[in-house]
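Q: Please take a close look at a single part of this structure for me, in one connected account. I would like to see how its elements are placed, and how the backbone and the burial of side chains fit into that picture.

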Amino acid sequence: MIQPVTISTQNGIAAVTIDNPPVNALSQAVRQGLADAVQRTEADADVRAVVLLCAGRTFIAGADVREFGQTPREPHLPDVIDMIEGATKPWIAALHGTALGGGLEVALGCRFRLADPSARLGLPEVNLGLIPGAGGTVRLPRLVGVPAALEMIAGGKMVSVDKALEMGLVDRIVDGDLTQAALEFAKSAALETPVEPLMARDVAQSDSDKWEAQKAAIAKRARGQNSPLAAITALENALAMPADQALAKERELFFQLKDDPQSLALRHIFFAERSAGKMPRLKGVKPRPFDEIGVIGGGTMGAGIVAACLLAGLRVVMLERDDESLSAGQERVQNTLAQSHKRGLIDADTLTRMQGNFSGATDYAALGNADLVIEAVFEDMAVKRDVFTRLDAATKPDAVLATNTSYLDIAEIAEAVADPSRVSGLHFFSPAYIMKLLEIVHPPKVADDVLATGFALAKRLGKIAVPAGVCDGFIGNRIMSAYRRECDYMLEDGALPQDVDAAMRDFGFAMGIFAMQDMAGLDIAWAMRKRQAATRPADMRYVDIPDQLCELGRFGRKTGAGWYDYSSDPKGAPDPLVEGIITKASADKGITRVPLSADEIMGRIIGVMQSEGRKILDEGIAQSPEAIDVVMVNGYGFPRWRGGPMFMAGDA
């Protein structure tokens, strides 16, 4: 059996190497190997210092997910880290790739931390409904201060190595060979002056006003999630208690959260996101190569797709119908790239390179070298079929053609080309350069390698890909249409837009359905309803309140009014005119209005999501309940810590 932890000693320096592919997770065998390494190096009189290394592409990237839900086995991670920290021979952690969760906690137990320029560090346990449970909330504030520690722990985001150096989280960035540099550091004068272990240090007190403001901001961001609030408690314990007591309280909080339904829900989504994008039919199928992307349309969605591709290092040609539209689209893209540079996401050289990878045209001939073309034009079948007819003539025969349609029948669109097998759906979510979800829609005639290319693109763009069959709205928009109809019914039954939106926000959504419609534009759904009018069942309950708003030119934020009035309040204010339209609609149908509680509102919304989800599963549109949850969480704001509608129903 291959040992995941090995020791080699040379010139008084022990190199302890973890080799537990793929991400050097802290399995029981790794924990035991580290504990044994401490004992062996402590007992070896020739060893003066220990360097902790990891083989492969990363440092320790966290816990072993295979042990999730199992009874913890000794040695426990906090005990192993205590052993490392308490060793008389100083340990030096050499960080590359990612040092996450328990991996960063192990590094905090070492006396020194060196890192290569690509390393990223973080304590992301909050994303699983947890807090660090092996001393992270106690050691980190002693190293970087309480405000920085709280932001890392409650925010759950990784920090770059430059930021880590600025914070004092790492001692040195190594440009050359990391292993050699760490071994040389272990021999250097830096170790001659003893360095106190973190548990022996005091925590610097924070400015009370700033501390209270930071806590309030985190609590507001949490929107009902428990673990960020537990992170606040743990850091307050670190401030107020001796280290050993704070560590004991951290463990108590950790185990409380581990059994919390929110953590179960977050772990469900964690695993679901890793399984939802797998299609058995694509096993062993190679994607077609793609280096140059074409995007038809420079509006909000098209420009967002272009930006996403450029930020992923691809060459992109944007096509628009005329010079004026092209110029506007190019400006949208350039603004997005400039914002990415301003926020420090890309440096000046990268910005220049991306700008060089971007070109625009008004002639389809410019797409002659494109390997993959994504259409993002107006949601109209005739318009889209015309685009694909032109693409068929202008592109290489093996170029992949994709539509970003939200609702239309992709099989019908595909019939506009001579070879429908090269057509698929790539349904992005706006803003496309930020939103993680990508529905990959597979019409009946699509080739497997075309589908595989869609998944490869999603991976290149850093998106979560979920396969979906062809139907009106695919997975997400079909469910949203269903619960949006239910929300319209509730307006006639006795609720007002602000009642529904408040109930959704209290449930954990960032935004309610009516405020979201105002932001997206009411005219989009209006066009869909008009398209569906001819085939709508005569006995189907239909609410025309949103149609009345659109007929008045109230399309939402872009026109200054929709469900809400934005003329005096940029966030939107309830409008008596809308309330009058609603109450009249109820009266016209003879409906006696009865106010609905927040629980009743959410019960109806979640019930419809689950009912429509089961229909989608029965029809084979979605592969699994988990896929539906992933779509609703990542594309429609369903609170992640609730796991998704199918998880709540017990179906996933």
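**Loops, sheet and helices**

A: In this predicted model, Asn11 lies in the loop between β1 (5–10) and β2. Asn11 has a positive phi of about 55° although it is not a glycine, and with a relative accessible area of 53% it is exposed, since exposure is set at over 50%. Most residues other than glycine have a negative phi, and most peptide bonds are trans. The peptide bond from Pro21 to Pro22 is cis, with omega near 5°, and Pro22 is placed in the loop between β2 (13–18) and α1 (28–43).

The part that deserves the closest look is the open sheet of eight strands, whose order is β12-β11-β10-β13-β14-β15-β16-β17 and whose pairing is mixed. β12 (358–361) and β17 stand at the edges with a single partner strand each, so one side of each is left without a neighbour in the sheet. On average, and with direction ignored, neighbouring strands of this sheet are turned by 25° against each other. Within this order, strand β10 (residues 292–296) is joined by four bridges to strand β13 (residues 372–375), and the two run parallel, with Ile293 standing opposite Leu372 in β13. Helix α15 (residues 381–394) packs on the sheet, where it touches β10, β13, β14 (400–403) and β15, and its direction makes about 170° with that of β14.

Further along the sheet, strand β16 (residues 437–441) has a neighbour on either side. Strand β15 (residues 423–428) is joined to β16 by four bridges, and this pair runs antiparallel; here Leu426 stands opposite Ile440 in β16. With strand β17 (residues 464–468), in contrast, β16 shares five bridges in a parallel arrangement, in which Leu438 stands opposite Ala465 in β17. Strand β16 is mostly covered, as five of its five residues are buried: Leu437, Glu439 and Val441 point one way from the strand, Leu438 and Ile440 point the other way, and all of them are buried.

The connections around β16 can be followed in the same manner. In the loop between β15 and β16 one finds Pro431, which a cis peptide bond joins to Ser430, with omega about -5°. On the other side of the strand in sequence, β16, helix α17 (residues 448–461) and β17 make a right-handed β-α-β unit.

Beyond the edge strand, the loop between β17 and α18 holds Phe474. Phe474 has a positive phi of about 60° although it is not a glycine, and its relative accessible area of 0% makes it buried, whereas Asn11 is exposed.

This loop leads to helix α18 (residues 476–493), which packs with helix α20 (residues 513–520) at an angle of about 115°, their axes being 11 Å apart, and the crossing of the two helices is left-handed. In this contact Met480, Tyr483, Arg484, Cys487, Asp488 and Leu491 in α18 meet Ile513, Phe514, Met516 and Gln517 in α20; by class, the contact has seven nonpolar, one polar and two charged residues.

Technical notes:
Residues are numbered from 1 along each chain as its sequence is written. This is a predicted model: local features need pLDDT of at least 70, side-chain atom pairs count only at pLDDT 80 or more; totals for chains, interfaces and linings use all residues. Side-chain values use heavy atoms; hydrogens and water are left out. Axes are lines fitted to C-alpha atoms, for helices over the stretch in contact, and angles run from 0 to 180 degrees between N-to-C directions. A crossing is left-handed if the near helix is turned anticlockwise from the far one by less than a right angle, and right-handed if clockwise. Contact means heavy atoms within 4.5 Å. Ala, Val, Leu, Ile, Met, Phe, Trp, Tyr, Cys and Pro count as nonpolar, Asp, Glu, Lys and Arg as charged, and the others, Gly among them, as polar. Buried means under 20% relative accessible area, exposed over 50%, partly exposed in between (1.4 Å probe, protein chains only). Two strands pair if DSSP finds at least two bridges between them. A crossover is right-handed if, with the strands pointing away from the viewer, the path from the first strand over the helix to the second runs clockwise.
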